[in-house]
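Dear colleague,

Please find below the structure for your review, together with its sequence. My notes on what was found follow it.

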Amino acid sequence: MKHEIVFAANAHVAGRGGYATVFQATWNDVPVAVKTACLDDEVEMKPCSAEDTHDSGKSWSVTCAIREIVLLSAISKHASHPNVVAILDFDVMINKRACIVMPLAHGSLSKVISGKCRDLIPTPAMKRSWCADALAALAHLHLHSVMHRDVKPDNFLVMPNANDKVCASRLVVADFGLARIVRPADVARGMTIHVVTLWQRPPEILLGDEHYSFSADVWSLGLTLLYILKGAHLFANNEECRQIGHIFRVFGIPTETSWRGVTELPHWEEFVNSDSDCVLRFQSRHTGVSPFDVIANSLKDDCSSFRSRRHADFA
């Protein structure tokens, strides 16, 4: 650790994630955000990815913390970008806690868009700028073979940007606990499908495809852009069956013609043969509607009218 971290007596909790808590603190006399994660193997044994924890026995929090420190350190040192969160410092303490020091943000994208950040009210110009920032961030990661695997509004931070006269804030992608370097050999070998928050999860992963690639991030990014502009999630279901059913209701049931190999995916038969209402309603449908049509229309209409039109179109 280059400089001592000073926590206030009643340190403000800036956020909580799947494996860590973020506090406001002071580092080198500068206000910062400090992400702390417990590295005790006995605390949390939920694996974040089978490819990393199956053999090693490491806990979910250990794997995610190590992954994030390694990737962010490398990016900050060799491939820094204004739309990728910077790691200022890190340390692994004697009491088995890892600390990652990052610049202090206004808040997460979801917090700002939902109106829970009192010191920043998003304007249409800000939202357009943030969309460009998100695209630039993901393009930079993919250019350096980094797949995020958990792109969502909670994992983007709105940072102060005083030097920009057009937009006083910028968006940075953060939370690299599920990210990894992906090479063609990794795609061919297959990777864990235990990634990406359900609401943002692409259909290939929902159907059990282990050979996914960077396009999975792009799907999640598209949904994030819609959230920025409309303030609501397009697919918000609490079960995988309902999530994939909702996606197919909007985009149509894929066939071997439109998606080669889809019927061979591990969860395809499970979905098709399910007795739940979410599947029975969609089994025989094929709308032929392009995803681009749905996204374009959603950007033109307000969220409530888009929902009404969508239900009428696909009824």
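**Sheet pairing and salt bridges**

In this predicted model, Pro-160 has Ser-169 of strand 10 as its bridge partner. Helix 4, made up of residues 124-143, packs on the sheet and touches both strand 9 and strand 10. The direction of helix 4 makes about 30° with that of strand 10.

Strand 9 covers residues 156-160 and is joined to strand 10 by five bridges, the two strands running antiparallel. The sheet itself is open and has three strands in the order 7-9-10, with antiparallel pairing. Strand 7 (107-108) and strand 10 (169-173) stand at the edges with a single partner strand each, so one side of each has no neighbour in the sheet. As general background, strands of a sheet pair through backbone hydrogen bonds, in either a parallel or an antiparallel manner.

I turn next to the charged side chains. A search of the whole structure finds seven salt bridges, and three of them are described here.

One of the seven is formed by the side chains of Lys-35 and Asp-175, at 3.5 Å from N to O. This pair links distant parts of the chain, 140 residues apart. Lys-35 lies in strand 4 (residues 30-38), whereas Asp-175 is in the loop between strand 10 and strand 11 (180-181). Lys-35 has a relative accessible area of 8%, and therefore counts as buried under the 20% cut-off.

A salt bridge also joins the side chains of Asp-150 and Lys-152, with an N to O distance of 3.8 Å. Asp-150 and Lys-152 are both buried.

The side chains of Glu-240 and Arg-201 form a further salt bridge, at 2.9 Å from N to O. Glu-240 belongs to helix 8 (residues 240-251), while Arg-201 is in the loop between helix 5 (184-189) and helix 6 (203-206), so this pair ties together parts that lie 39 residues apart in sequence. How accessible are the two partners, Glu-240 and Arg-201? Glu-240 counts as partly exposed, at 41% relative accessibility. Arg-201, at 14% relative accessibility, counts as buried.

Finally, Lys-35, Glu-68 and Asp-175 are joined into one network by salt bridges that share partners. The Lys-35 and Asp-175 pair described above, at 3.5 Å, thus appears again within a network that includes Glu-68.

Yours sincerely

Note on methods. Residues are numbered from 1 along each chain as its sequence is written. This is a predicted model: local features need pLDDT of at least 70, side-chain atom pairs count only at pLDDT 80 or more; totals for chains, interfaces and linings use all residues. Side-chain values use heavy atoms; hydrogens and water are left out. Two strands pair if DSSP finds at least two bridges between them. Helices (H or I, at least four residues) and strands (E, at least two) are DSSP runs, numbered from the N terminus. Contact means heavy atoms within 4.5 Å. Axes are lines fitted to C-alpha atoms, for helices over the stretch in contact, and angles run from 0 to 180 degrees between N-to-C directions. A salt bridge is a side-chain nitrogen of Lys or Arg within 4 Å of a carboxyl oxygen of Asp or Glu. Buried means under 20% relative accessible area, exposed over 50%, partly exposed in between (1.4 Å probe, protein chains only).
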